[in-house]
Structure formats: C-alpha cells, structure tokens
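Biologist: Hey, could you walk me through this one? I'm new to it, so keep it simple.

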Amino acid sequence: MKISIRLLLTLSVAIVLFVVFMSMLRPAESLNGGSEYEVRVVNGFTNNSSLPLVIWCASKDSELGGRALQEHDDFSWRLRTNIWGTTHFWCTMKWDQMRKSFDAFKASRDAYRCGTARKCSWLVKEDGFYFSNDEVNWQKDFPWY
C-alpha cells in the first residue's frame with residue numbers, strides 16, 4: 001500500500017513538473033493550444049498552362065483536400081500546433097508522370113525554420129521543391145526524384 005501511494009505521488013509530481021517545464025519553453029502555446037502557422041504551396045512551373053500541378057494535403061486529424069494549380073496559383077492554410085510538438089501535415093504533388101509526397105509542415109523541423117512570422121512557403125518547380133519563410137529567399141530543399 002505504501003509503495004503504491006509513493007509511486008502515485010512521484011508520478012503526480014513528475015506530471016506537474018513536466019507541465020511547468022513545457023509552459024516555460026512555450027508559454028504562448030501552453031495557454032492557447034499551440035502556435036499558429038501559415039503554410040503556402042505555390043506552383044512555380046514556368047510553362048504548364050496545359051497541365052496543372054495537382055496537390056492533395058492532409059494531417060492525421062484533417063484532410064485539406066486537393067486542388068489543381070495552374071502557373072503561379074497557390075494552396076494555403078493555417079494550422080495550430082499541438083503542445084506536444086508533433087503537428088504534421090503532408091502533401092502529395094503530381095505533375096505529368098512525376099509524383100512526390102513531402103512534409104509540408106512538421107513541427108519538430110519547422111517550429112524555428114518558419115521564422116518569427118511563422119510562415120512556411122513552398123515553391124514547386126520543374127527541378128524540385130524550394131522552401132522560404134519570407135517568400136524572397138528560396139532554398140532548394142529536395143528534387144522530384
């Protein structure tokens with residue numbers, strides 16, 4: 001009996017310390033359920049007027065659906081991260097015979113990479129996928145294949 005009470009007390013203290021520690025790391029997130037981010041995917045192809053770039057995005061909790069993007073069209077959404085830092089959205093892109101799935105937002109990777117404006121932008125071009133947090137400075141993240 002004394003062991004189970006001691007174990008319960010230790011576990012309770014550990015949980016309280018964890019919650020306090022998490023709120024010190026991310027105080028705004030602990031009060032409002034997470035930070036808000038904007039994710040934007042732009043069709044950066046230079047000549048695909050006859051064949052759109054098809055995009056479909058989802059997370060484990062929600063399906064954002066699909067779109068057919070013509071040149072310079074975009075697909076964007078806002079999201080709120082969870083307090084565990086596991087928020088994850090992925091997209092599948094298709095153009096002609098090329099198909100690629102990628103992580104459009106992954107909290108563990110993008111919490112700092114998206115900058116203070118919390119803007120995560122992707123420019124999809126013929127040679128690959130480019131990331132920017134200001135839509136001025138684009139860096140190639142990965143190719144189609």
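Modeller: Sure. One term before we start: "buried" means under 20% relative accessible area, and "exposed" means over 50%. Also keep in mind that this is a predicted model.

Biologist: Good to know. How many disulfides are there in the whole structure?

Modeller: A search of the whole structure finds 2 disulfides. Cys 57 is joined to Cys 91, with an S to S distance of 2.0 Å. Cys 114 is joined to Cys 120, at 1.9 Å.

Biologist: Take Cys 57 and Cys 91. Are they buried or exposed?

Modeller: Cys 57 is buried, and Cys 91 is too. By the cut-off, that puts them under 20% relative accessible area.

Biologist: And which parts does that disulfide tie together?

Modeller: Cys 57 sits in strand 2 (residues 53–59) and Cys 91 in strand 5 (residues 88–95), so the bond links parts that are 34 residues apart in sequence. The S-S torsion for this pair is about 105°, so the disulfide is right-handed.

Biologist: What about the torsion of Cys 114 and Cys 120?

Modeller: That torsion is about 120°, so this disulfide is right-handed. Cys 114 is buried, with a relative accessible area of 0%. Cys 120 is buried as well, and its value is 0%.

Biologist: If I number the bonded cysteines in sequence order, what's the pairing?

Modeller: The pairing is 1-2, 3-4.

Biologist: OK, switching to the sheets. In what order do the strands of the 5-strand open sheet come?

Modeller: The order is 4-1-7-8-9, and the pairing is mixed. Strand 4 and strand 9 (139–142) are at the edges with a single partner strand each, so one side of each has no neighbour in the sheet. On average, neighbouring strands of this sheet are turned by 25° against each other, ignoring direction.

Biologist: Tell me about strand 7. How does it pair with strand 1?

Modeller: Strand 1 (residues 36–43) and strand 7 are parallel, with 6 bridges between them. For an example, look at Val 41, whose bridge partner in strand 7 is Trp 122.

Biologist: And on the strand 8 side, which way do the two run?

Modeller: Strand 7 and strand 8 (residues 128–132) run antiparallel, joined by 5 bridges. A hairpin connects them through 2 residues. Lys 125 stands opposite Gly 128 there, and Val 124 stands opposite Phe 129.

Biologist: How covered are those two strands?

Modeller: Mostly covered. In strand 7 (residues 119–125), 5 of the 7 residues are buried. In strand 8, 5 of its 5 residues are buried.

Biologist: What does strand 8 do with strand 9?

Modeller: They pair in the antiparallel sense over 3 bridges. Phe 129 stands opposite Phe 142 in strand 9, and Tyr 130 is opposite Lys 140. The hairpin of strand 8 and strand 9 has 6 residues between the strands, and Glu 135 there takes a positive phi near 60°.

Biologist: Let's go back to strand 7. What can you tell me about Lys 119?

Modeller: Lys 119 is in strand 7. The residue is partly exposed, with a relative accessible area of 23%. Leaving out residues up to four places away in sequence, Lys 119 touches Glu 38, Cys 114, Ser 132, Asn 133 and Glu 135. Its C-alpha atom is 6.1 Å from that of Val 39, although the two are 80 residues apart along the chain.

Biologist: Glu 135 again! Which other residue touches Glu 135?

Modeller: Arg 40 does. Arg 40 lies in strand 1, and its contacts beyond four places in sequence include Cys 120, Ser 121 and Trp 122. The side chain of Arg 40 also makes a polar contact with the side chain of Asp 74, at 3.3 Å.

Biologist: Last topic, the inside. How many residues are in the largest nonpolar core?

Modeller: That core has 28 residues, and those with the most contacts inside it are Trp 77, Met 93, Phe 102, Phe 105 and Trp 144. Several elements give two or more residues to this core, among them strand 1, strand 7 and strand 8. Strand 2 and strand 5 are on that list too, and those two hold Cys 57 and Cys 91.

Biologist: Nice, that gives me a way in. Thanks!

Definitions and conventions:
Residues numbered from 1 in each chain as written. Predicted model: local features only at pLDDT ≥ 70, side-chain atom pairs only at ≥ 80, totals over all residues. Heavy atoms only, no water. Disulfide = S-S within 2.5 Å. Helix = DSSP H or I, 4+ residues; strand = E, 2+ residues; numbered from the N terminus. Buried < 20%, exposed > 50% of the residue type's maximum accessible area, 1.4 Å probe, protein only. Pairing = 2+ DSSP bridges. Polar contact = N/O pair within 3.5 Å; in protein donor to acceptor, adjacent residues only side chain to side chain. Contact = heavy atoms within 4.5 Å. Core = buried A, V, L, I, M, F, W, Y, C linked by side-chain atoms within 4.5 Å. Axes fitted to C-alpha atoms, helices over the stretch in contact; angles between N-to-C directions.
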